[in-house]
Amino acid sequence: MSTLKLDAEVRELTGRKVRQLRRSGLVPVIVYGQSMEPVTLQVNARSLEYALHHGGSSQLVQVDVKGGDSHNVLLRDIQRDPVSRSLMHADFYAVNMSEKQIVSVPVHGLGTPEALASGLMMLQALDQVEIEALPADIPAVIEVDVTPLDLENTITVAELPVIEGVVYVTPVDETVFTMVASRAAVEEEEEMLEGEMVEPEVVGEESEEGEEEEE
């Protein structure tokens with residue numbers, strides 16, 4: 001079970017009046033689910049940011065309503081101000097703990113590939129992968145060792161760690177991490193190829209033409 005918790009209060013302000021909430025450091029949220037009527041709530045902006053930063057963007061969060069019920073929820077949508085990036089609104093889906101959910105979970109690489117020393121650079125093709133699991137089994141992040149990476153060895157979804165209760169939905173042949181040549185290495189190789197393509201000047205060719213003209 002996730003240890004992420006979020007305190008909330010029933011929200012009375014709606015429409016344009018929610019601006020007053022945001023000025024007070026609160027964020028309007030809504031909790032909805034299959035077996036419940038939508039509930040409009042308000043939460044502390046800093047508390048919500050903390051929950052999101054510690055896995056709440058994909059992991060189960062327990063929302064405790066002051067004087068009311070608790071809801072086990074997953075984030076379904078979040079809105080931020082396009083300029084300040086401050087939280088504007090969040091939608092939470094109240095889950096059935098016995099029903100599996102499909103969610104996207106971030107992937108983090110551990111370690112440093114030895115191939116970086118040879119002018120290569122690591123590219124993460126997928127920042128997240130889709131998984132299916134019961135709400136309590138959803139990991140905050142999936143970590144994988146990237147030290148074996150080189151030009152011949154990539155890491156696909158099939159190489160991600162086996163996690164009990166978790167099934168990968170993203171196709172197993174999708175590349176997650178790979179190594180590519182750095183721009184500097186590519187430019188150096190192009191310069192070498194251009195140098196090899198320049199035809200060497202034949203010594204004496206011009207003097208022979210001059211002798212023929214004199215004759």
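## Tyr93 and its aromatic partner

In this predicted model, Y93 counts as buried, with a relative accessibility of 13%. That value falls below the 20% cut-off for a buried residue. Y32 is partly exposed instead, at a relative accessible area of 29%.

These two tyrosines are worth a look together. The structure holds one aromatic pair, and the rings of Y32 and Y93 form it, with their centres 5.6 Å apart. Their planes stand at 65 degrees, so the pair is edge-to-face; the cut-off for that label is an angle over 60 degrees. If you trace the chain, you will find Y32 in strand β2 (residues 26-33) and Y93 in strand β6 (residues 87-94). The pair thus links distant parts of the chain, 61 residues apart.

## Two nonpolar cores

As general background, nonpolar side chains tend to be buried together in soluble globular proteins. Here the largest nonpolar core has 26 residues. The members that touch the most others are V107, V129, I131, L160 and F177. Four elements give two or more residues to this core: β7 (101-110), β9 (128-133), β10 (142-145) and β13 (175-181).

V129 is a handy place to start exploring. Setting aside neighbours within four places in sequence, V129 is in contact with V103, S104, V105 and V107, as well as I142, V157, L160, Y168 and T170. Two of these partners, V107 and L160, are also listed among the core residues that touch the most other members.

Apart from the largest core lies another, of 19 residues. Its members include L6, L41, V63 and L75.

## A three-stranded sheet

Now turn to an open sheet of three strands, in the order β8-β13-β11 with antiparallel pairing. Its edge strands are β8 (120-124) and β11 (155-156), each of which pairs on one side only.

Where β11 meets β13, two bridges join the antiparallel strands. I155 has F177 in β13 as its bridge partner. F177 is worth clicking on for a second reason: this residue is also one of those with the most contacts to other members of the largest nonpolar core.

## The protein as a whole

Stepping back, the protein has four helices and 13 strands. Of its 215 residues, 33% are buried. Among contacts between residues at least 6 apart in sequence, 64% join residues at least 24 apart. The Y32–Y93 pair, at 61 residues apart, is an example of parts of the chain being linked over a distance in sequence.

The accessible surface comes to about 14000 Å². Carbon and sulfur atoms account for 48% of that surface.

Methods: Residues are numbered from 1 along each chain as its sequence is written. This is a predicted model: local features need pLDDT of at least 70, side-chain atom pairs count only at pLDDT 80 or more; totals for chains, interfaces and linings use all residues. Side-chain values use heavy atoms; hydrogens and water are left out. Rings of Phe, Tyr and Trp (its six-membered ring) pair if their centres lie within 6.5 Å; planes under 30 degrees apart count as stacked, over 60 as edge-to-face and the rest as tilted. Buried means under 20% relative accessible area, exposed over 50%, partly exposed in between (1.4 Å probe, protein chains only). A nonpolar core is a set of buried Ala, Val, Leu, Ile, Met, Phe, Trp, Tyr and Cys residues joined through side-chain atoms within 4.5 Å. Contact means heavy atoms within 4.5 Å. Two strands pair if DSSP finds at least two bridges between them. Accessible areas come from the Shrake-Rupley method with a 1.4 Å probe; for residues, only the protein chains shown count as cover.
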